[in-house]
Amino acid sequence: MYLKPVHLLTNMSWPVVFAGFVGASSAILANMVSLVMIGKINERVRDEERISYISWGTEVRRKFKQPYPASRLHVLLDSCVVLMALSFIVLGRYWVFG
């Protein structure tokens with residue numbers, strides 16, 4: 001008996017695939033940039049003030065700008081967050097409500 005293949009990607013258009021790729025890539029890059037920022041923060045502070053690599057929050061950006069005001073890592077982190085938000089909007093427009 002012949003079974004027909006299931007087409008799971010019938011509703012996937014190119015904007016959806018591109019937005020998914022950009023969103024996932026920017027999320028991974030934002031996480032890596034945050035971990036680099038935590039490493040640089042932990043090099044400069046006392047042992048009691050160190051930030052954990054496992055459980056950290058939104059304070060990383062603020063704490064990073066204090067000892068490193070000329071660094072552009074926070075700009076890269078902000079760009080990644082904006083790209084994630086825009087890709088989420090595109091995914092909602094073309095995949096969910098499309």
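Throughout these exercises, buried means under 20% relative accessible area, exposed means over 50%, and partly exposed lies in between (1.4 Å probe, protein chains only). The model is predicted: local features need pLDDT of at least 70, side-chain atom pairs count only at pLDDT 80 or more, and totals for chains, interfaces and linings use all residues. Residues are numbered from 1 along each chain as its sequence is written, and side-chain values use heavy atoms, with hydrogens and water left out.

**Exercise 1. Confidence**

State the average pLDDT of the chain and identify the elements with the lowest and highest mean values.

Solution. Step 1: pLDDT is the predictor's confidence in each residue, from 0 to 100. The chain average is 88, and 89% of the residues score at least 70. Step 2: elements are DSSP runs numbered from the N terminus, namely helices (H or I, at least four residues) and strands (E, at least two). The lowest mean pLDDT, 91, belongs to α2, and the highest, 94, to α1.

**Exercise 2. The nonpolar core**

Determine which residues form the largest nonpolar core and which helices supply them.

Solution. Step 1: a nonpolar core is a set of buried Ala, Val, Leu, Ile, Met, Phe, Trp, Tyr and Cys residues joined through side-chain atoms within 4.5 Å. The largest such set has 12 residues: Ala30, Val33, Met37, Ile38, Ile41, Ile51, Val60, Phe64, Tyr68, Leu73, Leu77 and Cys80. Step 2: at least two residues of this core come from each of α1 (14-44), α2 (59-65) and α3 (73-96). The largest share, 5 residues, is that of α1. Step 3: take contact as heavy atoms within 4.5 Å. Not counting residues up to four places away in sequence, Met37 touches Val60, Arg61, Phe64, Leu73, His74 and Leu77.

**Exercise 3. Two residues of α1**

Classify Ser26 and Trp14 as buried or exposed, and place each in its surroundings.

Solution. Step 1: Ser26 is found in helix α1 and counts as buried because its relative accessibility is 4%. Apart from neighbours within four places in sequence, Ser26 contacts Cys80, Leu83 and Met84. Step 2: Trp14 is also found in helix α1, yet Trp14 counts as exposed because its relative accessibility is 72%. Step 3: patches are made of residues with over 30% relative accessible area and no salt bridge, with like charges joined within 9 Å and nonpolar side chains (Val, Leu, Ile, Met, Phe, Trp, Tyr) within 5 Å. Trp14 belongs to a nonpolar surface patch with Met12, Val17, Trp95, Val96 and Phe97, together about 740 Å² of accessible area (Shrake-Rupley method, 1.4 Å probe, only the protein chains shown counting as cover for residues). Both α1 and α3 give two or more residues to the nonpolar patch.

**Exercise 4. Salt bridges**

Count the salt bridges and describe the pairs formed by Asp78, Arg50 and Arg46.

Solution. Step 1: a salt bridge is a side-chain nitrogen of Lys or Arg within 4 Å of a carboxyl oxygen of Asp or Glu. The count by this rule is 4. Step 2: Arg50 pairs with Asp47 at 3.4 Å, N to O. Arg50 is partly exposed at 45% relative accessibility, whereas Asp47, at 60%, is exposed. Step 3: Asp78 pairs with Arg61 at 2.7 Å, N to O. Because Asp78 lies in helix α3 and Arg61 in helix α2, the pair ties together parts that are 17 residues apart in sequence. Asp78 is partly exposed at 30%, and Arg61 is partly exposed at 29%. Step 4: salt bridges that share partners join Arg46, Glu48 and Glu49 into one network. Within it, the closest N and O atoms of Arg46 and Glu49 are 2.9 Å apart.
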